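Student: Please take one part of this model and go through it closely. I would like to see how charged side chains pair up, and then what surrounds that part.

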Amino acid sequence: MTITATRTRGVRVFLLLTFAFSWAGMIGAAVLGYSLVSPWVQLPFAFTPAIAALVVRLRGEGFADAGLALRLRQAWRHYLLAWLAPFAMVAVAAGVAVAFGLGLAPPDWSSVVVLLVAVPLLTPVYWGEEFGWTSYLRLRLFPGRPTAATLATGLIWAVWHYPLAFTDYIRFDNVLIGLSVWTVSFLCQEVVLSWLRLASGTVWTASLAHAGNNMVLSLLVGALLPGVEATVVTVVLSVPVAVVAGWLLVTGRTGGR
């Protein structure tokens, strides 16, 4: 079997395993009455992409391009950016909210200090997704067409989250509009995460940035906009990510493998 055929089959197996077990976990937890807001409920399906990637890599694809090495000396700038940029994006998002006429709740500065410490510690948790999406699927889709591969990965990643929109994890007043905005948000995130993964040569920078997106950007913007509908909050927090993603695309910085 050729390398191309092996990888094509691997992608199919990866997607089947990831969606089957993750969606079963999400839907099953909701049916059983568990809150999908709980990190303990999220953990089993959050690691499904990594487990699926491990399965297909162990079945013959290997780990040569897995990006498991930390590369701290070579990629320290990317780690620093992945760690601190989400805090800067919160400030930009707050400015966007004010420009939209949204009132901001007083910030809890102590939570910022806690998150500065917590985000690096939580990076291994978000490796559970990044090892599957950005460090496996992104490298397998559309060979030679990096932008298409990145956007396709972002779209698949967004669809993977869709069942959560019908649980207590996130509630959109209009689900169709909410999912559309959410999808654009994931596409923009994937552009940034893919750039970090490829530019640094390690999956851990993308995992750190993913932790920052969830634990800093999403949480802090949500705290600044209490009671604001989820679609509006998603638009506000997506603006700085979209600006960065657009710049990366326009300047061709997502073109590597």
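Tutor: What follows starts with confidence, goes on to the charged pairs, and then moves outward to the loops, the surface and the core.

This is a predicted model. The mean pLDDT of the protein is 95. A value of 70 or more is reached by 97% of the residues. Among the elements, helix α8 (residues 175-200) has the highest mean pLDDT, at 98. Helix α1 (residues 3-31) has the lowest, at 90. Where pLDDT is low, predicted coordinates should not be read in detail.

Now the charges. Side chains of opposite charge can pair when their charged atoms come close. How many salt bridges does the structure hold? There are 3.

Take E61 and R140 to begin with. Their side chains meet in a salt bridge, at 2.8 Å from N to O. This pair links distant parts of the chain: E61 belongs to helix α3, and R140 to helix α6 (residues 133-140). The two are 79 residues apart. Buried or exposed, E61 and R140? Both are buried.

R140 has another partner. D65 also forms a salt bridge with R140, with the closest N and O atoms 2.7 Å apart. This pair, too, links distant parts of the chain. D65 is in the loop between α3 and α4, R140 is in helix α6, and their positions lie 75 residues apart in the numbering. The shared partners join R57, E61, D65 and R140 into one network through their salt bridges.

That leaves the pair of D65 and R57. Their side chains meet at 2.7 Å, N to O. D65 is thus a partner of R57 and of R140.

How covered are these residues? The limit for buried is under 20% relative accessible area. R57 has a relative accessible area of 2%, so it counts as buried. R140 has 8%, so it is buried as well. D65 has 22%, so it falls in the partly exposed class. In short, the network joins R57, E61, D65 and R140. E61 and R140 in it are buried, as is R57. D65 is partly exposed.

Stay with the loop between α3 and α4, where D65 is placed. R71 is in this loop too. R71 has a positive phi of about 55 degrees, although it is not a glycine. R71 is partly exposed, with a relative accessible area of 34%.

L68 is another residue of this loop, which runs between α3 (48-61) and α4 (76-99). L68 is partly exposed, at 38% relative accessible area. Together with L58 and F63, L68 forms a nonpolar patch on the surface. The accessible area of the three together is about 290 Å².

Now go past the helix that carries R140. F142 is in the loop between α6 and α7 (146-161). Which sign does its phi have? Positive, at about 45 degrees, and F142 is not a glycine. F142 is partly exposed, with 38% relative accessible area.

Next, the nonpolar side. In soluble globular proteins, nonpolar side chains tend to be buried together. The largest nonpolar core here has 69 residues. F14, W182 and V221 touch the most other members of this core. Helix α9 (residues 203-224) gives the largest share of the core, 11 residues.

What does F14 touch? Leave aside neighbours within four places in sequence. F14 is then in contact with P49, A52, A53, V56, G132, W133, Y136 and L137.

Two further pairs complete the tour. V112 is in helix α5 (residues 109-130). Not counting residues up to four places away in sequence, V112 touches F87 and L220. The C-alpha atoms of V112 and F87 are separated by 8.3 Å, and the two residues are 25 apart along the chain.

The other pair is A199 and H78. A199 is in helix α8, and is partly exposed at 38% relative accessibility. A199 and H78 are 121 residues apart along the chain, with their C-alpha atoms separated by 8.0 Å.

Definitions and conventions
Residues numbered from 1 in each chain as written. Predicted model: local features only at pLDDT ≥ 70, side-chain atom pairs only at ≥ 80, totals over all residues. Heavy atoms only, no water. Core = buried A, V, L, I, M, F, W, Y, C linked by side-chain atoms within 4.5 Å. Buried < 20%, exposed > 50% of the residue type's maximum accessible area, 1.4 Å probe, protein only. Helix = DSSP H or I, 4+ residues; strand = E, 2+ residues; numbered from the N terminus. Contact = heavy atoms within 4.5 Å. pLDDT = per-residue confidence, 0-100. Patch = residues over 30% accessible without salt bridge, like charges linked within 9 Å, V, L, I, M, F, W, Y side chains within 5 Å. Areas by Shrake-Rupley, 256 points an atom, 1.4 Å probe, with all protein chains shown as cover. Salt bridge = Lys/Arg side-chain N within 4 Å of Asp/Glu carboxyl O.
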